[in-house]
Amino acid sequence: MSILATVLLAAGALPVHGELPSGWRPPNARELADPMLQQSPNKFTRAIADFNADGRQDTALLLIHRKSSDEALWVHLSDRDGGYHWIKLDHIKGSASHPDASLAMAIDVEPPGVVAYACFDYAEDCNFGPDSGRPKLKLSSPSLMYFRPESAASLYFWSNSKQKFLRVWLSD
């Protein structure tokens, strides 16, 4: 493990199981300046849970590209071979006109349970009406809440049948 990775691991910025994806770094103090982010000990940039229900903890991180201001949601997911691999779930292009901006998104763990959702990702129509009229998902494992503070929210959950994360929208 590199010296940088050792320092980041000690600071709680790295998953326990390895290095960050190549070319990506944790957000810096300027990118974490939004007062809303201060409401979480991890600044809503790290979520740890067993997302794929294999009995091992996985780590989700919001990371910044080293050569741009791009932001991405990465999950360090355990695999069947006993190792871990990185999956990029979302990528937001940075804005050259706002290089000093705070993070665009935030993450948190959503516990298992029933979730009323508006639509699956890429659906043509969404129902953002009252929860009582929305379709429901019964999730038996923790999932990943992915949200823009005071704005849109979606949920990534692991599908055992598809062996990948699926995304549903909760608000627009």
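**Strand pairing, burial and salt bridges in the predicted chain**

Val109 has Leu144 of S10 as its bridge partner. That pairing belongs to a predicted model. S6 and S10 run antiparallel, and five bridges join them. S10 is joined to S11 as well, again in the antiparallel sense, by four bridges. Within that second pairing, Met145 has Leu155 of S11 as its bridge partner. S11 covers residues 153–159 and S12 covers residues 164–171. These two strands pair antiparallel over seven bridges. One of the bridge partners here is Trp169 in S12, matched with Ser154.

Together these pairings belong to an open sheet of five strands. The strand order is S6-S10-S11-S12-S8, and the pairing is antiparallel. Strand S6 (106–110) and strand S8 (119–120) stand at the edges. Each has a single partner strand, so one side of each is left without a neighbour in the sheet. In general, strands of a sheet pair through backbone hydrogen bonds, either parallel or antiparallel.

The chain as a whole has one helix and 12 strands. The helix comes at the N-terminal end of the element order, and the strands follow it. Of the 172 residues in the protein chain, 44% are buried. The accessible surface comes to about 9300 Å². Carbon and sulfur atoms account for 54% of that surface. Contacts between residues at least 6 apart in sequence were also examined, and 52% of them join residues at least 24 apart.

Strand S10 merits a closer look. Five of its five residues are buried, so S10 is largely enclosed by the rest of the structure. Ser143 lies in this strand, which spans residues 143–147. The relative accessible area of Ser143 is 0%; because buried means under 20%, the residue counts as buried. Setting aside residues up to four places away in sequence, Ser143 touches Phe51, Asp108, Val109, Glu110, Leu155, Tyr156 and Phe157. Val109 in this list is the residue whose bridge partner in S10 is Leu144. Leu155 in the list is the bridge partner of Met145. S10 and S11 also form a hairpin, with five residues between the strands. In this hairpin, Glu150 takes a positive phi near 60°.

A second buried site lies in a loop. Leu37 is placed between strand S1 (24–25) and strand S2 (46–49). Its relative accessibility is 1%, and Leu37 counts as buried. Apart from neighbours within four places in sequence, Leu37 is in contact with Glu31, Leu32, Lys43, Phe44 and Ala106. Leu37 and Met105 are 68 residues apart along the chain. Their C-alpha atoms are separated by 9.9 Å.

Charged pairs complete the picture. In general, side chains of opposite charge can pair when their charged atoms come close. The count of salt bridges comes to seven. Asp90 forms one of them with Arg167, the closest N and O atoms being 4.0 Å apart. This pair links distant parts of the chain. Asp90 is in strand S5 (residues 84–92), Arg167 is in strand S12, and the two are 77 residues apart. Both Asp90 and Arg167 are buried.

Other salt bridges share partners, and these join Arg25, Arg30 and Glu31 into one network. Glu31 meets Arg25 through their side chains, with an N to O distance of 2.7 Å. Glu31 also forms a salt bridge with Arg30, where the closest N and O atoms are 3.7 Å apart. Burial was computed for each member of the network. Glu31 counts as buried at 5% relative accessibility. Arg25 is buried too, with a relative accessible area of 18%. Its value falls under 20%, the limit for a buried residue. Arg30 is partly exposed, with a relative accessible area of 36%. Glu31 is also among the contacts of Leu37.

Conventions. Residues numbered from 1 in each chain as written. Predicted model: local features only at pLDDT ≥ 70, side-chain atom pairs only at ≥ 80, totals over all residues. Heavy atoms only, no water. Buried < 20%, exposed > 50% of the residue type's maximum accessible area, 1.4 Å probe, protein only. Contact = heavy atoms within 4.5 Å. Areas by Shrake-Rupley, 256 points an atom, 1.4 Å probe, with all protein chains shown as cover. Pairing = 2+ DSSP bridges.
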